[in-house]
Amino acid sequence: MLRGIPNCITPELLKVLHEMGHGDTIVVGDANFPAASTAAAKGHVNLRCDGHRATELVDAILQLMPLDDFVEKPVIIMNKTERHKDLECPVWDEFKDIVAKYDSRGADAVDFMDRFPFYTAAQNAYAVVSTTETAPYACIILQKGCL
C-alpha cells in the first residue's frame, strides 16, 4: 500500500504514468472505445480499469501527473459526430472541471478532436486506459508535462 495514490490507479497504471516522459500522451477511453486495437496498432500498452468511470480515472491521473504547459491544449476530448450533434454530453463539463482543479488554464487547456482523427492520435499515445464509462463521447487524451 502507498499513501496518496487514488484507489483506481492500478500498479500497472502507476508504472506507466511514471515511465511516461514530457510530451507523452495517455488516452482514457469509455466503454465503447476500441482501446485494445488502438494500443495494439503500434505496440503500445492497454490497461484495463474496469468498474471505474473515465472521469474518476482522469481525476486520479491528474492528481499525480502534470499537464504539459509547453502546449496550449494538452487535453483533447473526442468530439461528437454530425449524427450526434444534438446529443448532450455532460461528461465534457465534468472533464473540464477536473482539469481546472489541477491546471490554472482550466477549460482553456481543453480542445476537441473529431472521432477519426482522435483515433489516429490515440494510436500514438504511450498508453490507452480502458474504463467502463457509459457516458457518450467520454474519451480523452492527456499530454504529460514537467514537474
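Let me start with the outward face of helix α4: turned away from the buried side of α4, this face carries the exposed residues Pro90, Asp97 and Lys101. Please keep in mind throughout that we are looking at a predicted model.

Now consider the other side of this helix, which spans residues 90-102. Which residues of α4 are buried? They are Val91, Trp92, Phe95, Ile98 and Val99. Viewed down the axis of α4, these buried residues fall within an arc of 125°, so they line one face of the helix. As for their partners, the buried residues of α4 pack against helix α3 and against three strands, namely β3 (75-78), β4 (110-113) and β6 (140-143).

Helix α1, residues 11-19, can be read in the same manner. Its buried residues are Leu13, Val16 and Leu17. Down the axis of α1, they fall within an arc of 100°, and therefore they line one face of the helix. The exposed residues Pro11 and His18 sit on the face of α1 turned away from that buried side. What covers the buried residues of α1? The cover includes β1 (25-29), β2 (45-49), α3 and β5 (127-131).

Leu13 deserves a closer look. Setting aside residues up to four places away in sequence, Leu13 touches Ile26, Leu47, Cys49, Leu57, Ile61 and Val129.

This brings us to the nonpolar core. As a general point for those new to the subject, nonpolar side chains in soluble globular proteins tend to be buried together. In this model, the largest nonpolar core has 48 residues. Which of them have the most contacts inside the core? They are Leu13, Ile26, Phe33, Ile61, Phe118 and Leu142. The largest share of this core, 6 residues, comes from helix α3, which covers residues 54-64.

Let us turn to strand β5. How many of its residues are buried? The count is 5 of 5, and the strand is thus described as mostly covered. Both faces of β5 are covered: Ala127, Val129 and Thr131 are buried on one side, while Val128 and Ser130 are buried on the other.

Strand β5 also has paired neighbours. With β1, strand β5 pairs in the parallel sense over 4 bridges, and here Val28 stands opposite Val129 in β5. Strand β2 runs parallel to β5 as well, and 5 bridges join the two. In that pairing, Val45 stands opposite Ala127 in β5.

One residue that meets β5 is Ala35, whose place is in helix α2, residues 35-40. Is Ala35 buried or exposed? Ala35 has a relative accessible area of 4%; because a value under 20% counts as buried, Ala35 is buried. Not counting residues up to four places away in sequence, Ala35 touches Asn46, Val128 and Ser130. As a matter of distance, Ala35 and Arg48 are 13 residues apart in sequence, and their C-alpha atoms are 9.1 Å apart in space.

My last topic is charge. Side chains of opposite charge can pair when their charged atoms come close. How many salt bridges does a search of the whole structure find? It finds 7 salt bridges.

One of them joins the side chains of Glu94 and Arg53, at 3.0 Å from N to O. Glu94 lies in helix α4 and Arg53 in the loop between β2 and α3, so this pair ties together parts that are 41 residues apart in sequence. Glu94 counts as partly exposed, at 31% relative accessibility. Arg53 likewise counts as partly exposed, at 33%.

Arg53 has a further partner. Glu133 forms a salt bridge with Arg53, and the closest N and O atoms are 3.0 Å apart. This pair links distant parts of the chain, 80 residues apart: Glu133 is in the loop between β5 and β6, and Arg53 is in the loop between β2 and α3. Glu133 is buried, with a relative accessible area of 3%. Through salt bridges that share partners, Arg53, Glu94 and Glu133 are joined into one network.

Finally, Lys85 forms a salt bridge with Glu82, with the closest N and O atoms 3.4 Å apart. Is Glu82 buried or exposed? At 58% relative accessibility, Glu82 counts as exposed.

Thank you for your attention.

Methods
Residues are numbered from 1 along each chain as its sequence is written. This is a predicted model: local features need pLDDT of at least 70, side-chain atom pairs count only at pLDDT 80 or more; totals for chains, interfaces and linings use all residues. Side-chain values use heavy atoms; hydrogens and water are left out. A nonpolar core is a set of buried Ala, Val, Leu, Ile, Met, Phe, Trp, Tyr and Cys residues joined through side-chain atoms within 4.5 Å. Buried means under 20% relative accessible area, exposed over 50%, partly exposed in between (1.4 Å probe, protein chains only). Contact means heavy atoms within 4.5 Å. The arc is that of the directions from the helix axis to the C-beta atoms. A salt bridge is a side-chain nitrogen of Lys or Arg within 4 Å of a carboxyl oxygen of Asp or Glu. Two strands pair if DSSP finds at least two bridges between them.
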